[in-house]
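Below is a short report on selected local features of one model. It starts with a helix and ends with a table of single residues.

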Amino acid sequence: MAELIATPGQTIGPFFHEALPYDHDRELVPPGGAGAIRLHGYVYDGAGAGAPDALVEIRQADAAGVVPTTEGSLCRLGAAFTGWGRGSTDRTGHYWFSTVDPGPVRPGAAAFFAVTVFARGLLNRVFTRCYLPEHEAALAADPLLAGLDPGRRAGLVARREPDGGLRFDIHLQGDAETVFLTFPGHRS
Amino acid sequence: MTERTEALPSQRDISAEIVALHDAAEVGETQPRLHFPPYRSSLLRHPTKNPRPADPEGAELVAPVFGHSDVDPLEADLTVQSGGEPIGERMLVRGRVVDGDGRPVRRQLVEIWQANAAGRYVHQRDQHPAPVDPHFTGLGRCLTDDDGGYAFTTIKPGAYPWRNHRNAWRPAHIHFSLFGTDFTQRLITQMYFPGDPLFALDPIYQSVTDPAARERLVAGYDHDLSEHEWLLGYRWDIVLTGSHATYLEPEDHDG
Ligand SMILES: [Fe+3]
């Protein structure tokens, strides 16, 4: 069967804040609980200014490397880990999630968060990955990272912070522009 | 109102830029340009490098799962949420969410937000001096059914001004947020209304340079969906990108 042409994307615009954020949207696990870490960073524009009207979503495996297919990502009742979260940036462009380190989805795989970014001024969503900095052998063997020059590769690997958290900045444009991804099935 | 618009380009300037970009565009660019200078906010927010091809893996292959615990069926009717009848033209928008192979995207979350009939959002940063409707939030959610179908009852949104250029007006639209079966199918877009005179002037709509692709953003008026003495019906189907399951299950192509 011929592949249908996808509906075009359009910018999220400036007025999504009443619609998309919701209670505990960025808390995949309750902050401060056992194993909880803070994944956070800034979304920057090409002038190095934080984007105060961006939205970041993450999708991830649990600590054991299993990608949950549990419902309840909007109504986070109980202890279910759904592996998905949504965080809007604040006026400085900062976003954060309370979550756990994802495990590798197969032995030897590099562990990462799948990341989607939306913003006013960004005409379509962009995808990237936020890799965990540990397990250097897995990172070295990762097909995506292996194809990147070292400067750009570094932008996809989060920095571990003293409190166990992860810092991952997203640069929409500029010298440190984040590596954004296209997948089979996507067109221009 | 204060006139602080001297520095803004005119609609004529913006329209000329749009025409020049369209004239130079290749046929078949079916997604928006990320770098589309007539939309001034894109200038510092578009990636300059081509996206890197990647094979989806792990979490990228599995969309988040939502269920009836997440969404109240009442959230699909934007005319009954706020304790009174909103002002404006009552309408229904109905359609299907399918993937690149035409398969329905079942039991998946659809979120919408929109301005009211006067073109005003319930949002603290909306400065348009048009009335807020106390009976309309413009926010909706639903889950698709087993056929990928969704439906919202709402009020037709009004056009609204913005500051991209002098006398800039957005064509009436409803923002849609969609998930597929893979996380890589994630989509946020805008649905427009047929025959809008603002189409040619709008750099966001025109950022899709392929005319046929642009048309996919426009709902069709469907008289069969209209209801006697009650509302007007629109149909709008959404196609997500191909799911990775396509590549894992080539036998699906045989039939
Ligand atoms: Fe809008």
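## Helix α1 of chain B

In α1(B), the residues Q11(B), I14(B), S15(B), I18(B) and H22(B) are buried; buried means under 20% relative accessible area, exposed over 50% and partly exposed in between, with a 1.4 Å probe and protein chains only. Seen down the axis of α1(B), these buried residues fall within an arc of 95°, so they line one face of the helix. The arc is that of the directions from the helix axis to the C-beta atoms. R12(B), D23(B) and A24(B), on the other side of α1(B), are exposed. The buried residues of α1(B) pack against α2 (211–215) of chain B, where contact means heavy atoms within 4.5 Å.

The helix α1(B) covers residues 11–24, and its 14 residues should span 20 Å at 1.5 Å a residue; the end C-alpha atoms are 20 Å apart, which agrees. The expected span is 1.5 Å times one less than the number of residues. Helices (H or I, at least four residues) and strands (E, at least two) are DSSP runs, numbered from the N terminus.

The model is predicted: local features need pLDDT of at least 70 and side-chain atom pairs count only at pLDDT 80 or more, while totals for chains, interfaces and linings use all residues. Residues are numbered from 1 along each chain as its sequence is written, chains are lettered from A and ligands numbered from 1 in the order in which they are written, and side-chain values use heavy atoms, with hydrogens and water left out.

## Iron site

The iron ion is coordinated by Y121(B) through OH, Y160(B) through OH, H173(B) through NE2 and H175(B) through NE2, at 2.0 to 2.2 Å. Donors are N, O and S atoms within 2.8 Å of the metal (3.2 Å for Na, K and Ca); water is not among the atoms, so sites may look incomplete. The angles among the 4 donor atoms run from 90 to 157°, and the site is irregular. Four donors count as tetrahedral if all angles lie between 85 and 135 degrees; four count as square planar and six as octahedral if opposite donors are over 155 degrees apart and all others between 65 and 115; anything else is irregular.

The sequence spacing of the donor residues is Y-x38-Y-x12-H-x1-H. Y121(B) lies in the loop between β3 (109–114) and β4 (139–143) of chain B and H173(B) in strand β8 (residues 173–178) of chain B, so the pair ties together parts that are 52 residues apart in sequence. Both Y121(B) and H173(B) are buried.

## Two buried polar residues

E111(B) is in strand β3 of chain B and counts as buried at 1% relative accessibility. Its side chain makes a polar contact with the side chain of R86(A) at 2.8 Å. A polar contact is a pair of N or O atoms within 3.5 Å; within protein, one must be able to donate a hydrogen and the other to accept it, and residues adjacent in sequence count only if both atoms are side-chain atoms. Neighbours within four places in sequence aside, the contacts of E111(B) include A19(A), L20(A) and the iron donor H175(B).

T82(A) sits in the loop between β2 (54–59) and β3 (84–88) of chain A and is buried, with a relative accessible area of 2%. The side chains of T82(A) and S73(A) make a polar contact at 2.7 Å.

## Exposed residues

| Residue | Place | Relative accessible area |
|---|---|---|
| G151(A) | helix α3 (residues 150–154) of chain A | 57% |
| N167(B) | loop between β6 (160–162) and β7 (168–170) of chain B | 59% |
| E229(B) | loop between β10 (220–221) and β11 (232–235) of chain B | 73% |

Phi is near 60° in N167(B) and near 55° in E229(B).
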